[in-house]
Amino acid sequence: MKMIRVLLAMGCLVFCFSACVRQDNYQPGPDPGPVNNNRGVDSAHFTYNELFNGTDNYNWVFASPTDSAYGSIGYSGYQYVDYSTFSFNSSVVYTYNSVSGGLIIRTKIMSNNVMGLIFGASPSDNGYAFYVDSNGYYSLYKEGYGTVASTAIIPSRQDTLFALKKGWNQLEIDQSAGTWTGIINGTQVFQIPAGGLAGSGFGFKIAPGTVGYANYLYVNSH
């Protein structure tokens with residue numbers, strides 16, 4: 001199977017949102033903007049393991065001058081930058097994983113502002129985002145699309161015991177037996193009923209004015 005990369009132009013519907021940050025509580029709303037988006041077809045019992053080790057195997061690298069955003073891969077990982085002042089930017093690949101059964105999504109990220117792990121996206125649904133920011137706050141959002149605003153499932157919460165204010169944070173979502181378990185640096189921070197996942201899109205989302213990094217992205221369906 002061949003991964004197809006689609007870089008949506010300004011006239012397309014995309015899933016980038018403006019945000020107001022008040023005391024580290026993000027309030028995303030709808031706003032057009034670019035997205036780096038690869039499409040694929042789901043299949044069962046699959047592992048996707050992107051190490052970002054200097055080679056762009058799945059078209060993560062992109063540049064969007066309109067939004068002052070780009071993604072690049074070096075031997076130290078994935079660098080993801082949004083220098084804009086008004087819109088979130090997303091970079092997502094379709095991994096071919098089944099999302100209907102057991103699922104593990106894991107990454108290690110660091111940013112100077114707000115960065116999230118996107119999971120369960122499809123060409124018509126932006127999935128969910130597990131955010132962590134540089135002040136030690138985390139949250140979980142159902143991502144909006146077009147004129148539909150994002151909604152907070154778990155509003156921004158401070159957890160300085162587990163989420164590092166500055167430095168690398170390992171984020172993990174485990175889907176099992178109808179529940180989602182959220183884990184930061186090996187410690188469970190929430191467990192809630194699982195929502196429906198629309199597709200096999202996984203990746204990252206960053207707030208305006210963010211320089212972010214990802215060390216790897218691991219997805220396993222079982």
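This passage describes the fold, the cores, the cavities and some loop residues of one protein.

The model is predicted. The protein has 222 residues, and 53% of them count as buried. Its secondary structure consists of 21 strands and zero helices. Contacts often link distant parts of the sequence. Among contacts between residues at least 6 apart in sequence, 63% join residues at least 24 apart. The protein exposes about 9,200 Å². Carbon and sulfur atoms supply 53% of that exposed area.

The buried nonpolar residues were examined next. The largest nonpolar core has 37 residues. Within this core, F119, F130, F204 and L217 have the most contacts. The surroundings of L217 show which parts of the chain meet there. Leaving aside neighbours within four places in sequence, L217 is in contact with Y48, N49, E50, F52 and W60, among others. The contacts of L217 also include I105, R106, T107 and L117. F202, G203 and F204 are further partners of L217. F204 thus appears twice, as a contact of L217 and as one of the residues with the most contacts inside the largest core. Another core, of 10 residues, lies apart from the largest nonpolar core. Among its members are Y94, V114, I118 and Y131.

Empty space inside the model was then searched. The search of the whole structure finds two cavities of 30 Å³ or more. The largest cavity has a volume of about 60 Å³. Its lining includes I109, M110 and S111, together with M115. V132, D133 and S134 also line the largest cavity. The lining is completed by L164, K165, K166, G167 and N169. Two strands, β12 (103-111) and β14 (128-133), each supply at least two of the lining residues. The largest share, three residues, comes from β12. By class, the lining has five nonpolar, four polar and three charged residues.

Two residues stand out by their backbone angles. Most residues other than glycine have a negative phi. Y96, by contrast, has a positive phi, near 75 degrees. Y96 is found in the loop between β11 (89-94) and β12. Y96 is buried, because its relative accessible area of 9% is under the 20% cut-off. A177 also has a positive phi, near 50 degrees. A177 lies in the loop between β17 (169-176) and β18 (179-184). A177 counts as exposed, because its relative accessibility of 80% is over the 50% cut-off.

Two further loop residues are buried. S200 lies in the loop between β19 (187-193) and β20 (201-206). Its relative accessibility is 1%, so S200 counts as buried. S200 and T95 are 105 residues apart along the chain, yet their C-alpha atoms are separated by 5.7 Å. G144 is placed in the loop between β15 (137-142) and β16 (151-158). Its relative accessibility is 1%, so G144 counts as buried. G144 and D125 are 19 residues apart in sequence. In space, the two are 7.8 Å apart, C-alpha to C-alpha. Loop residues in this model therefore include buried examples, such as S200 and G144, and an exposed one, A177.

Note on methods
Residues numbered from 1 in each chain as written. Predicted model: local features only at pLDDT ≥ 70, side-chain atom pairs only at ≥ 80, totals over all residues. Heavy atoms only, no water. 1 Å grid on protein atoms, 1.4 Å probe; cavity = no way out; pocket = protein on both sides within 12 Å on 5 of 7 lines; lining within 4 Å. Points joined across faces, edges and corners; volume = space filled by probe spheres on them. Helix = DSSP H or I, 4+ residues; strand = E, 2+ residues; numbered from the N terminus. Nonpolar A, V, L, I, M, F, W, Y, C, P; charged D, E, K, R; others polar. Buried < 20%, exposed > 50% of the residue type's maximum accessible area, 1.4 Å probe, protein only. Contact = heavy atoms within 4.5 Å. Areas by Shrake-Rupley, 256 points an atom, 1.4 Å probe, with all protein chains shown as cover. Core = buried A, V, L, I, M, F, W, Y, C linked by side-chain atoms within 4.5 Å.
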